[in-house]
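Thanks for making time this morning. I would like to walk you through one model, going from its surface to its interior, so please have the viewer open.

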Amino acid sequence: MKNFTKEEKSWALYDWGSSAYSIIITTAVFPLFYKSAATEAGVSLSDSTAYLGYTIAIFTFILALLGPILGTIADYQGLKKKFFAAFFFIGTAATVMLAFVPSGNWLMLLVCYTFAALGATGANVFYDAFIVDVTTEKRMNIVSSFGYGLGYIGSTIPFIISIAIIVLSQQEILPVSTINASRIAFGITAVWWISFSIPMFRHVQQRYFIEKEPNPISQSFKRLSKTVREIRQYRALFLFLIAYFFYIDGVGTIISMSTAYGTDLGLSSVSLLIVLFATQVVAAPFAILYGRLSERFTGKKMLYVGICIYIVVCIYAFFLETIVDFWILAMLVATSQGGIQALSRSYFGKLVPKENSNEFFGFYNIFGKFAAILGPLLVGVTSQITGNSSMGVFSLVILFIIGIVILSRVPEPVAHDAVDDIAESS
């Protein structure tokens, strides 16, 4: 921690807090809670997995449409943090609401989950864009990886507490039902997320911006329209976004639907939670390792490594049968999920004009989120047609292959050493 500035640490601590949402709501407790509610209501396993995939597709479509528009407006002085705060409030409030949905009401769970996901992923658009404000281009890889590493470490604490409450309630050691134990986990998530977001609000400021001007909304649409027309002039940025569109689709789909997939294979909820905890522990050092290795081998080469590992994951998932297989699969994912996301964020951060970071990270979001529509839909449709969730996961291989082919055509970011030296000295 001593090697990072106050702004870098405050920015990274948001990952420490918000990652509790990622593991407990997106990946672990909520999917199991939802699957249980859907099963209780008479929904088949394949259909409930498909409905979860469709829900993910819906909220990512909404955010993909809003991202570039809100991002362009947020490039004005003082607006980046306000937009970040608005989505942060929506996300944390909806997470709390999950705890109060009546038992068995799977449809209402999906509605609340939609708003929670909109808030969490929307806040992350502006959080990611803040990377240009808190560090220099030289340090982006290591700072971005540091944030993901902290996220994996920090999320294990509320995750352990949540697992303990759920398991103890199942063993009837705690005088609460398993349903209420899961609801307590949702509350823990919100409290943790809010608590460790305070340094971000206190110490991180928007350093790069566009000066305010009359009719900011109409001017923002004009700037957005101009960027769309001229985006091909940013060749490296444009090619990277296309590559990112494909490979991050598979990454996000595997993360968001992993527990639902494990449930379909007949794995118990306790086994899944233990595997997910181990995944978080292993992912933390590997995320930081990716950042360190990128300083030696470049971020692009490390992205190749991560994508290739995910291709192996998809192929191996097709033959998944036992809990040992699931453990192997989870550990493979753990070695690369943080690194590939962290280096994608920093790679893109080096390509964008800093004063327009929100606008361009809005495009980063729209490519990532529109991609996240295709993956869950692909898994959902394939699972329903074949009646086999393994086929859905296997179908993601093509997305990773397309992504790595296009990424190979993206030139390395041009270093701005003089700018970095001035920023570091100040």
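**From surface patch to core**

Let me begin on the outside of this predicted model, where Phe 89, Ile 90, Leu 107, Met 108, Val 111 and Phe 115 form a nonpolar patch with a combined accessible area of about 570 Å². Helix 4, residues 80–98, and helix 5 each contribute at least two residues to the patch, and helix 5 gives the most, namely four. One of the patch residues, Met 108, sits in helix 5, and we call Met 108 partly exposed because its relative accessible area is 37%, between the limits of 20% and 50%.

As a general tendency, nonpolar side chains in soluble globular proteins are buried together. Turning to the interior, the largest nonpolar core here has 123 residues, and those with the most contacts inside it are Trp 11, Phe 240, Tyr 247, Phe 348 and Phe 400. Helix 5, which spans residues 106–129, supplies the largest share of this core, with 13 residues. There is also a second, separate core of seven residues, among them Tyr 148, Tyr 152, Ala 284 and Ala 342.

Which residues does Phe 240 touch, leaving aside those up to four places away in sequence? The partners of Phe 240 include Tyr 247, Leu 303, Ser 344, Phe 348, Tyr 364 and Val 410.

Finally, consider a lysine: Lys 35, in helix 2, residues 29–40, counts as buried because its relative accessible area is 3%, under the 20% limit. The side chain of Lys 35 makes a polar contact with the side chain of Ser 48, at 2.8 Å.

Technical notes
Residues numbered from 1 in each chain as written. Predicted model: local features only at pLDDT ≥ 70, side-chain atom pairs only at ≥ 80, totals over all residues. Heavy atoms only, no water. Core = buried A, V, L, I, M, F, W, Y, C linked by side-chain atoms within 4.5 Å. Buried < 20%, exposed > 50% of the residue type's maximum accessible area, 1.4 Å probe, protein only. Contact = heavy atoms within 4.5 Å. Patch = residues over 30% accessible without salt bridge, like charges linked within 9 Å, V, L, I, M, F, W, Y side chains within 5 Å. Areas by Shrake-Rupley, 256 points an atom, 1.4 Å probe, with all protein chains shown as cover. Salt bridge = Lys/Arg side-chain N within 4 Å of Asp/Glu carboxyl O. Polar contact = N/O pair within 3.5 Å; in protein donor to acceptor, adjacent residues only side chain to side chain.
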